[in-house]
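Let's walk through this structure together, starting from a single residue and widening the view step by step. Have the model open beside you as you read.

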Amino acid sequence: MPRDPLAPIAKAVDELAAAKANIDEAQDHARALIADARQRERTARATLHTRIVEAAHAGVRQVDIVQAAGMTREAIRRILRAGGIEPD
């Protein structure tokens, strides 16, 4: 029985389809990882903002909060205002 000359093409087509499916799976996995990382960032940011407001309530000077947080004075000011702390 002679060998089918189209068999290698059919095999290559199947391999290409499998490779494309792997790309789709990898993209889905990457999207899930990114979504998880974004959620962790939102949570960490909210925690940082809470800690900044708590420090201000405890009497820590804004300049010290700026230095500890590594943020600008304006960013700290906005966080404090959002946390209900108005300027003196």
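**A walk through the helices**

Just after helix 3, G84 adopts a positive phi of about 90°. Please keep in mind that this is a predicted model, and the values here are computed from it.

From G84, step back into helix 3 itself, which covers residues 73-82. Which of its residues are buried? They are A75, I76, I79 and L80. Looking down the axis of helix 3, you will find these buried residues within an arc of 135°, so they line one face of the helix. Turn to the other side of helix 3 and you meet R73 and A82, which are exposed. What covers the buried residues of helix 3? The cover includes helix 1 (7-57) and helix 2 (62-69).

Helix 3 also carries charged side chains worth a look. R77 and E74 form a salt bridge, with 2.6 Å from N to O. Both residues belong to helix 3 and sit three residues apart, about one turn of the helix. R77 is partly exposed, with a relative accessible area of 29%, and E74 is partly exposed too, at 35%. The pair is part of a wider arrangement: salt bridges that share partners join E74, R77 and R78 into one network.

Now move over to helix 1, where two further salt bridges can be followed. R31 pairs with D28, and their closest N and O atoms are 2.7 Å apart. Why are these two separated by about one helical turn? Because they are three residues apart in helix 1. With a relative accessible area of 52%, R31 is exposed, whereas D28, at 46%, counts as partly exposed. Where the cut-off falls matters here, because exposed means over 50% relative accessible area.

The other pair in helix 1 is D36 and R40, whose side chains meet in a salt bridge at 2.2 Å, N to O. D36 and R40 are four residues apart in helix 1, so about one helical turn separates them. D36 is partly exposed, with a relative accessible area of 41%. How many salt bridges does the structure hold? There are eight, including the ones described above.

Helix 1 has a nonpolar feature to show as well. I9 lies in this helix, and at 52% relative accessibility it counts as exposed. Together with L6 and V13, I9 makes a nonpolar surface patch of about 300 Å².

Finally, zoom out to the protein chain as a whole. Its secondary structure comes to three helices and zero strands, and from the N terminus on the elements run α-α-α. The radius of gyration of the chain is 28 Å, well over the 12 Å that the globule rule gives for 88 residues, so the chain is more spread out than a compact globule. You can see this in the dimensions of the C-alpha trace, which spans about 95 × 20 × 15 Å along its principal axes.

How much of the protein chain is buried? Buried residues make up 10% of the 88 residues, among them the four of helix 3 where our walk began to look inward. As for the surface, the protein chain exposes about 7100 Å², and carbon and sulfur atoms supply 59% of that area.

Technical notes: Residues numbered from 1 in each chain as written. Predicted model: local features only at pLDDT ≥ 70, side-chain atom pairs only at ≥ 80, totals over all residues. Heavy atoms only, no water. Buried < 20%, exposed > 50% of the residue type's maximum accessible area, 1.4 Å probe, protein only. Arc of directions from axis to C-beta. Contact = heavy atoms within 4.5 Å. Patch = residues over 30% accessible without salt bridge, like charges linked within 9 Å, V, L, I, M, F, W, Y side chains within 5 Å. Areas by Shrake-Rupley, 256 points an atom, 1.4 Å probe, with all protein chains shown as cover. Salt bridge = Lys/Arg side-chain N within 4 Å of Asp/Glu carboxyl O. Rg over C-alpha atoms; globule rule 2.2 N^0.38 Å.
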